[in-house]
Amino acid sequence: MSPTPFSSSPCVALNTGLQMPLLGLGTYKLCGLQDVHRAVDAALCAGYRAFDSAAVYRNEAELGKALRALLPKYGLTREDVFITSKLGPKDQGEKAMEGALHSWSQLDLDYIDLYLIHWPGTQGLPVGDERNPGNRAQSWASLEELHGQGKLRNIGVSNYTPAHMRALMQSCKVPPAVLQVEFHPRLCQPELMSLCKQYGVCFQAYSSLGKGELLSDPVILDVAKNCKRTPAQVLLRWALQQGVPVLPKSSNPERIQRNAEVFDFTLSDTDMDRLSALDCGQRFCWDPSEVA
């Protein structure tokens, strides 16, 4: 299978004017160079041009090595892929500059396309600790500085609530390009989506499959059966049809390939409504709503 060049991959325009692929490979739980290399190889072959890592995933160095080894295999260069990483909660605040530069050094790819504050709180502080807002502001100022230097081409946040987003937008010099949050039919996050649209921030999904639990939901299974697609493809397509970029994660080459086959079909309005009606505020990941 011939790889798809980044220029022809379905993308979304960020508020910086740069493009971000709508489909990326999540690398959470990919551990060790062999596993990372195999997954990246399968993803590049399947047409993925975006890869999502984080300091806490402890695989930034492996991702960078895998890309440097594999890009020539597919006739690609650094400019053909979009790399995301994230600041660890332990580095929130005064350690943010050091933490972000460590990610940049680990990836060893000249620049990071998108760098996010991973979590609104600081590791070791209670969720309601009044130091959290100041630490977030200090972290953002560090990211703004590195953005100005060109080391971070886009900056953004992850797991921010509406309150966190409003505070950031009131104080930032450089607005966030992306908000990455848990998003699937049981957690539709309409207020956050509306805020992002208002602020011109790209709303990006993680955990689209609900840690796998949504793959057995009767409604999702029925929609998948009717359109002759896998439940995973249906869940990813549901987000994409709302203009929401997705980051399915897998270490299985066959699943990586299947998860990329989401741009050649469309869910009907009825099916979209059936899926969205599942919204009940259920989270499968962490809940940031109590962080001060």
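Two strands count as paired if DSSP finds at least two bridges between them. The exercises below use a predicted model.

**Exercise 1. Place the bridge partners between strands 8 and 9.**

Task: Find which residue of strand 9 is the bridge partner of L179.

Solution.
- Start with the strands. Strand 8 covers residues 178-182, and strand 9 covers 202-206.
- Take their sense. Strands 8 and 9 pair in parallel, over five bridges.
- Set the register. V178 stands opposite C202.
- Move along to L179. Its bridge partner in strand 9 is F203.

**Exercise 2. Lay out the sheet.**

Task: Give the strand order of the open sheet and its pairing, then name the strands at its edges.

Solution.
- Read the order. Seven strands run 3-4-5-6-7-8-9.
- Read the sense. The pairing is parallel. Strands of a sheet pair through backbone hydrogen bonds, either parallel or antiparallel.
- Find the edges. Strand 3 (25-26) and strand 9 (202-206) each have a single partner strand, so one side of each lacks a neighbour in the sheet.
- Check another pair inside the order. Strand 6 (residues 112-117) runs parallel to strand 7, and five bridges join them. I112 of strand 6 stands opposite L152 in strand 7.

**Exercise 3. Edge strand: buried or exposed?**

Task: Decide whether the residues of strand 9 are buried or exposed, and treat strand 7 likewise.

Solution.
- Fix the cut-off. Buried means under 20% relative accessible area.
- Count strand 9. Five of its five residues are buried, so the strand is largely enclosed by the rest of the structure.
- Split strand 9 by face. C202, Q204 and Y206 lie on one side, F203 and A205 on the other, and all are buried. Both faces are thus covered.
- Recall the edge position. Strand 9 has a single partner strand, yet its five residues are buried.
- Turn to strand 7 (residues 152-158). Six of its seven residues are buried, and the strand is mostly covered.

**Exercise 4. Account for the cover of helix 8.**

Task: State how many residues of helix 8 are buried, and which helices they pack against.

Solution.
- Locate the helix. Helix 8 spans residues 231-240.
- Count. Ten of the ten residues are buried, so helix 8 is largely enclosed by the rest of the structure.
- Look at the residues. The buried set includes charged-type and aromatic names to inspect in the view: R237 and W238 are among them.
- List the packing partners. These are helix 7 (218-227), helix 9 (253-260) and helix 10 (269-276).
- Follow one partner further. D271 is found in helix 10. At 13% relative accessibility, D271 counts as buried.
- Measure across the fold. D271 and I220 are 51 residues apart in sequence, but 9.1 Å apart in space, C-alpha to C-alpha.

**Exercise 5. Two residues with positive phi.**

Task: Where do Q189 and S207 lie, and are they buried or exposed?

Solution.
- Recall the background. Most residues other than glycine have a negative phi.
- Take Q189. Its phi is positive, about 50°, although it is not a glycine. Q189 sits in the loop between strand 8 and helix 6 (190-199). Its relative accessible area is 13%, and Q189 is buried.
- Take S207. Its phi is near 55°, again positive in a residue other than glycine. S207 lies in the loop between strand 9 and helix 7. At 16% relative accessibility, S207 counts as buried.

**Exercise 6. Is Q19 buried, partly exposed or exposed?**

Task: Classify Q19 and give its distance from D113.

Solution.
- Place Q19. It lies in strand 2 (residues 19-21).
- Classify. Q19 has a relative accessible area of 39%, so it is partly exposed.
- Compare sequence with space. Q19 and D113 are 94 residues apart in sequence and 9.8 Å apart, C-alpha to C-alpha.

**Exercise 7. Test the whole chain against a globule.**

Task: What radius of gyration would a compact globule of 292 residues have, and what does the protein chain have?

Solution.
- Take the inventory. The protein chain holds ten helices and nine strands.
- Compare radii. A compact globule would be near 19 Å; the chain has 18 Å, which agrees.
- Add the extents. The C-alpha trace spans about 50 × 45 × 35 Å along its principal axes.
- Add burial. Buried residues make up 55% of the 292.
- Add contacts. Of those with a separation of 6 or more, 74% join residues 24 or more positions apart.

Key:
Residues are numbered from 1 along each chain as its sequence is written. This is a predicted model: local features need pLDDT of at least 70, side-chain atom pairs count only at pLDDT 80 or more; totals for chains, interfaces and linings use all residues. Side-chain values use heavy atoms; hydrogens and water are left out. Helices (H or I, at least four residues) and strands (E, at least two) are DSSP runs, numbered from the N terminus. The radius of gyration is taken over C-alpha atoms; the globule rule is 2.2 Å times the number of residues to the power 0.38. Buried means under 20% relative accessible area, exposed over 50%, partly exposed in between (1.4 Å probe, protein chains only). Contact means heavy atoms within 4.5 Å.
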